[in-house]
Amino acid sequence: MTGAATSWASQEAERAWQRLQQAPGEPQWLDVPILVQPVGELRPGRIVLEALTEDRQPLGTCAVFNGEWYPGCQGSIPYSHYAPTLYRVLLARQRREETEPLRLQVLKAVAAETRSGRLLPVLLKFIIAPEHTLTGAQLEQVYGCPLQVFYTRFVGVSYDVLRPRDGGGDVRGRAIHEGYRRAAAEFVASRGDLERARAAYLDGVRRVWTEWLTTLCLRISSRPIKDHTQPLEVVDEILGYCRQRWEGRSLRLYLERLFYAPSRGISGRADRVEEPLGGEPLRLVEIKTRGMDAELDPQTGERHPGGLQALAYREILHSFGAGGAEAVVEEIQGARIKPLPLEDHPLVRRLRLDLSTRDDRVVDLIAQARNIGYCVATGLFTGYDRYLLDRAGDDWRLRELGGSFELLRPRPPCRICPAQRRGVCVYGTRRAGPRLYSLFRYAPNRLFAYWAWFHRQLKAEERASREVLFHLVNTPAETLEQAEGITIGRLRWVEQTGLVAVFTRDDRIETRIREDDRVLVTPERRAPGQIFSVEGTVEAVGEREIVIRLNDRVDPEGTYRVDLLGGYDMRQWQLEGLTDFLVSAMASTGVRGRKVLVDELPRLARILLGAEPPSPPGQAPAPPAPDLNATQRHALAAVLALQPGDLLLIQGPPGTGKTSLIAHLARTFLARHLFDYDGKAEQDRRPVLVLTNTHRAADEVVLKLLDRFPEVAPFIIRVGGRRADMDERVARQTLAERAGARQALDEADLAGDGATALFRLIRRAQTCHDHAGIFVGTLGSADSAELRGLSFELVIVDEAGQATEPAMLQALRHLPAGYAGRLVLVGDHRQLPPVVSDELIPPPVPEAFRQLGLEAGDSLRTSAFERLARLYPHALITLTEQYRMNAPICTLVSQTFYEGRLVPGTQAVAEQTLSGWLAGLGMPGPAGSIWDGPPVVLITTEADPDARDSGARFTAGGSPDEARDNPREAEIVSALLAELVGSLPPARRVEIVREIGVISPYRRQNNRIRQELQRRDPALAAVRVDTVDRFQGSEREVIVVSLVNSNDEAAIGRLHADWRRMNVAISRARRALVIVGDRSTFTRDPGRPEEDEARRYYRALFAEIERLERQGQARVLDSRRLP
């Protein structure tokens, strides 16, 4: 907490402590945050704490006892979880050497009189670390089985992607939810028009069926089944229910809005909240379509799902003042809706909860799920102690954390548990195969240490993301905007067309928020997360305007704030990839009952762990490839020579045609598979899987395949769905588009024969899938429906230098059992590294890790490609001929970053010029101060007093973007580009400016440059202005780089301190490169050793420009001489 929020919370805590002292011996409801630190030695049954307010003022000593006991009480509460769970949390924090106080939201406490006569505050009920957010769905999972939470949320165990699993029921539920949501919104908006509501419902079903067609294809059937029919069978019931509930009533609906209670550490999205405009209480509705986690009603014997989730959301509403809210679970069974008031739910009946008052049992139920979930999911329960990790599986209730077994579901949901399916959890009865007893103790030391080293870092990143919502709510908006740049306040609603809303304000917008960012829009009189907030995606940020595509409509209501939301609830797919490597490597050995030796692991696992080198690149006969150069053909032959279980690294510097090489590899392996495959593999084995770090790179691979080898189009599947920014040719390679999903469902009469139309569509899609041989997706899509059940002879990871090592491990999941396939990593460790949180502190690298190729300072930012290139230089093939940059630009990049090995691939590439490009378009040559000269231009600003940067901004909150800007550099850039396009025919200017790029590392500078360009010439609005990180993989005929940093301290900032950004920035240019900046700031030695390596590269860069100038291939200008 900061600022006013801290002061208010501190005052509340002080007043609460005074109330306790005034009524000794009487337990009181407080609901205030405090900070605590243990006093003396930690003891399990009696924890003594020093209590502080949020602003670190002492409140005195307090205590927590087992069973919520306190001196003078009538009796303890058996099986209370509060003291045992807090003890484990504090003990784990001590072992981690965490010295910051722990935050508790104290719900109930008492001032008890001790034998000495003094009053001792005793904490009875509390939320541990409420800043860490868990969702309502996660609480439901804790209630169902704490051990499952341990394995899935902490360890990261996931389903085996080589085994197909049916997800049709999930799609059925999604279709009903989406249709119901749209129908409800339309019914209320149209004041009861049933036909419009019906059309909206069917549009929702159609959208889900199109988007999730691949999941529906996983189940083979001979006729339409329930997954296909139920969404259409229930439509009349839903419309009738809407009419019954809302006809003639005035109300406002909040649909799938974000809920968040900072005092409880709980968030979620309720399906619907109804706000009657007549003053009646809110009505919260959870919609359930499946009963796999249903609760047994002890009175009727019926089962009903969703109880704890609805109860948790009700508690969130109560926490911010909506005390009379009604909660209902609407269960859809067949073609019927069965609304079940929460007070009649089996969960409430079994536990005999009283929802009409503040029932301690309700508090205990939610707090137990929340606190145990926090302790387990963060790793505080076991840490990385092998014995504790294995012992956790002895009891599904995790009894060491205390807690009442009555507040858990009577039986764990083993049949849907991935840990059960993988044999990791040995508890329970669903044993599908061999068990991995004592997984962690029996793992080789090297494998376990590798897993734990990366796992710690991933959990640290997750921890930071889980605290985002708390930070937004408890930090003043002014601080978030001015110090961190993640909030924009004082916005007025202008208009909303569909779901696209425009907001504006009088002051200039200076922010880190940019296009495609996920944001939360909230009326300023409300706190973020109080159902009035709407999530959305930014489409445009202007000088005084922001355009956002919202998930729901907003009503004009005073002024608004927009907050950068981040990924607080995103699936931890990298954690799953890391743990899958541990589990699969161990399972494939076949060893049980003893410690596994490193030599018993699969060969590829041994290679990755540094225990065995990969084979030196061989040369196998390759088909003719006249469009490949010598180094590309060498790499192609080396991949063809790879044996199953082996690894090859291919380094692709800028413009060297690595995507062309990947296309040739995919086509060659497809042909080999079609002619040579004997079909005897245990799993469904396909020839090629290409996984990339970004969607853009995956799209480029598909386009290259279509351009070079159009005959393979019927065999290509682009994994995932259609995206708004996707090339139409790429979109047509998605499974839904190949099957004609949109057209078929648009033309079908869903109300009449929709299920039959869907069934036919599924069969077409299954046929397309069965014949596909080249699958292209992102590393995050390894668990996608298109890939489930498939293994591949060759797996290629593109952009491997940008992927974290755990992300890269996702690729191994689709190699045949025992990793008996070929793995090729394609990337360049001299371009951008993996993107991780700047708050991540590099962990110590044990000396034993030297054999893995890790060095001091390495962390998640060190890609597997970089590590393995260090460890196995003999397994690295470097492409050296590039087809992007002309000779002077290529020389600058090559001499600075590649020891002079990078050369133009052809004479035509080497000699390409800006004037030649314009002449080819029938336009006059460039004119002006710089454009008719050498292709490399450096405009130096060190002597220009007006060209100093603004200083670092938005540095609070651990932001890596210091948000500097430099108005003079923005002015220079805009003037130069206006000069370039000014002599061109107006009708052709947009065509030209689309081939111009401006790169700066700072979002704030980019916003300023965009605004300057628009002032100079409206045609310049089409110039792409972006950060280095978002420009990687792109190229332009003209690139202008604004360095920004110019100051007396020679501060180059955290972004420039990674010299690889400069390599990416200048290597985007084909024909003209202009660098604007203060070279003295980048070359002086300010005495900061962490920047020494970067400054060596910058000195080499500017020295090479001066050398090129002497040869007439570059030009250096003083910015003061420019107009």
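Trainee: Before we start, what does partly exposed mean as an accessibility class?

Mentor: Buried means under 20% relative accessible area, exposed means over 50%, and partly exposed is in between. Keep in mind that this is a predicted model.

Trainee: Good. Which class does Arg 490 fall in, then?

Mentor: Arg 490 has a relative accessible area of 39%, so it is partly exposed.

Trainee: And what is notable about phi of Arg 490?

Mentor: Phi is near 60 degrees there, a positive value in a residue other than glycine. Most residues other than glycine have a negative phi.

Trainee: Where does Arg 490 lie?

Mentor: In strand S16, residues 487–497.

Trainee: What about Tyr 819, where is that one found?

Mentor: Tyr 819 sits in the loop between helix H28 (805–808) and strand S27 (822–827). Its phi is near 55 degrees, again positive in a residue other than glycine.

Trainee: Is Tyr 819 buried or exposed?

Mentor: Tyr 819 has 5% relative accessibility, so it counts as buried.

Trainee: Back to S16. What sheet is it part of?

Mentor: A closed barrel of 6 strands, running S16-S17-S20-S19-S18-S21 with antiparallel pairing. On average, neighbouring strands there are turned by 45 degrees against each other, direction ignored.

Trainee: How many bridges join S16 to S17?

Mentor: There are 5, and the two strands run antiparallel. One pair to look at: Gln 496 has Ala 501 in S17 as its bridge partner.

Trainee: Which strands of that barrel does helix H18 touch?

Mentor: H18 (residues 477–484) touches S16 and strand S21 (559–564). The direction of H18 makes about 100 degrees with that of S16.

Trainee: New topic. What is the strand order in the open sheet?

Mentor: S7-S10-S11-S14-S15, so to speak the 5 strands in order, with mixed pairing. The edge strands are S7 (251–255) and S15 (336–341), each pairing on one side only. Neighbouring strands are turned by 25 degrees on average, direction ignored.

Trainee: How do S11 and S14 run?

Mentor: They run parallel, joined by 6 bridges. Val 285 has Val 328 in S14 as its bridge partner.

Trainee: What does helix H9 touch on this sheet?

Mentor: H9 (residues 235–246) touches S7, S10, S11, S14 and S15. The direction of H9 makes about 45 degrees with that of S15.

Trainee: And where does H10 lie?

Mentor: Across S11 and S14, at about 155 degrees to S11.

Trainee: How does H10 cross H12?

Mentor: The axes of H10 (residues 307–319) and H12 (residues 360–377) come within 11 Å and cross at roughly 105 degrees. The two helices are therefore roughly perpendicular to each other.

Trainee: Which residues meet there?

Mentor: From H10, Leu 308, Leu 311, Ala 312 and Glu 315; from H12, Val 362, Leu 365, Ile 366 and Ala 369. By class that is 7 nonpolar, no polar and 1 charged.

Trainee: How about H3 and H10, at what angle do they cross?

Mentor: At roughly 135 degrees, with the axes of H3 (residues 136–144) and H10 coming within 8 Å. That makes H3 oblique to H10. The crossing is right-handed.

Trainee: Which residues of H3 and H10 meet?

Mentor: H3 brings Gly 136, Ala 137, Leu 139, Glu 140 and Tyr 143. H10 brings Gly 307, Leu 308, Gln 309, Ala 312 and Tyr 313. The contact of H3 with H10 has 6 nonpolar, 3 polar and 1 charged residues.

Note on methods:
Residues numbered from 1 in each chain as written. Predicted model: local features only at pLDDT ≥ 70, side-chain atom pairs only at ≥ 80, totals over all residues. Heavy atoms only, no water. Axes fitted to C-alpha atoms, helices over the stretch in contact; angles between N-to-C directions. Helix = DSSP H or I, 4+ residues; strand = E, 2+ residues; numbered from the N terminus. Parallel < 35°, antiparallel > 145°, perpendicular 65-115°, else oblique. Contact = heavy atoms within 4.5 Å. Nonpolar A, V, L, I, M, F, W, Y, C, P; charged D, E, K, R; others polar. Buried < 20%, exposed > 50% of the residue type's maximum accessible area, 1.4 Å probe, protein only. Pairing = 2+ DSSP bridges. Left-handed = near helix turned anticlockwise from the far one by under 90°.
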